[in-house]
Amino acid sequence: MASQTQGIQQLLAAEKKAAEKVAEARKRKARRLKQAKDEATEEIEKFRQERERSFKEFEAKHMGSREGVAAKIDADTRVKLADMEAAIRTRKEPVIQEILQFVYNISPEVHKNYNRK
């Protein structure tokens with residue numbers, strides 16, 4: 001009977017030891033997963049920063065700075081406004097004369113739908 005009790009005690013001890021090993025393995029797995037997640041997050045952040053930097057370089061190379069673009073648009077607008085004002089100055093008098101000719105040269109006539117009874 002003593003050997004049976006001793007055998008049961010050994011089985012319980014082995015089961016406890018196995019449960020501890022399984023628990024330790026789960027903890028190691030959780031640590032590895034957390035470490036992998038942290039590394040992946042860090043790598044993603046580095047990649048995002050690199051892409052952001054390269055985009056800013058591309059933007060500066062091809063478009064210039066935002067202030068430069070705004071200044072160029074402003075200058076182009078001023079040039080176009082000056083061109084329009086010059087066109088108005090050169091064409092204003094002939095247009096006024098043509099409108100006055102239409103106003104002065106009225107030829108009264110009866111409308112085609114007018115019925116004389």
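**Helical architecture and surface contacts of the predicted model**

Val22 counts as partly exposed, at 41% relative accessibility, where buried means under 20% relative accessible area, exposed over 50% and partly exposed in between (1.4 Å probe, protein chains only). Val22 lies in helix H1, helices (H or I, at least four residues) and strands (E, at least two) being DSSP runs numbered from the N terminus. Its C-alpha atom is separated by 24 Å from that of Gln6, the two residues being 16 apart along the chain. The structure is a predicted model, in which local features need pLDDT of at least 70 and side-chain atom pairs count only at pLDDT 80 or more, while totals for chains, interfaces and linings use all residues. Residues are numbered from 1 along each chain as its sequence is written, and side-chain values use heavy atoms, with hydrogens and water left out.

The protein contains 2 helices and 0 strands. Its radius of gyration is 45 Å, whereas a compact globule of 117 residues would have a value near 13 Å; the radius is taken over C-alpha atoms, and the globule rule is 2.2 Å times the number of residues to the power 0.38. Taken along the principal axes, the C-alpha atoms fill a box of roughly 140 × 55 × 15 Å. Of the 117 residues, 1% count as buried. The protein exposes about 11800 Å², of which carbon and sulfur atoms supply 58%, with accessible areas coming from the Shrake-Rupley method with a 1.4 Å probe and, for residues, only the protein chains shown counting as cover.

An unreviewed UniProt entry lists residues 8–57 as "coiled-coil region"; UniProt positions are given in the numbering used here, feature names are shortened, and annotations may be inferred rather than shown by experiment. In the model this span is 100% helix and 0% strand, and its end C-alpha atoms lie 73 Å apart.

Salt bridges, defined by a side-chain nitrogen of Lys or Arg within 4 Å of a carboxyl oxygen of Asp or Glu, come to a count of 9. One of these joins the side chains of Glu50 and Arg53, with an N to O distance of 2.4 Å. Both residues lie in helix H1 (residues 2–63), where they are 3 residues apart, about one turn of the helix. Glu50 is partly exposed, with a relative accessible area of 37%, and Arg53 is likewise partly exposed, with a relative accessible area of 41%. Glu50 and Arg53 are also linked with Glu57 in a network of salt bridges.

A further salt bridge in helix H1 is formed by the side chains of Glu52 and Lys56 (3.5 Å, N to O), which lie 4 residues apart in that helix, about one turn. Glu52 counts as partly exposed at 36% relative accessibility, as does Lys56 at 48%.

In helix H2 (residues 66–104), Asp76 and Lys72 are 4 residues apart and thus separated by about one helical turn, and their side chains meet in a salt bridge at 3.6 Å, N to O. Asp76 is partly exposed, with a relative accessible area of 36%, whereas Lys72 counts as exposed at 55% relative accessibility.

Val95, Ile99, Val103 and Tyr104 form a nonpolar patch on the surface, with about 410 Å² of accessible area together. Patches are made of residues with over 30% relative accessible area and no salt bridge, like charges being joined within 9 Å and nonpolar side chains (Val, Leu, Ile, Met, Phe, Trp, Tyr) within 5 Å. Within this patch, Tyr104 lies in helix H2 and is exposed, with a relative accessible area of 60%.
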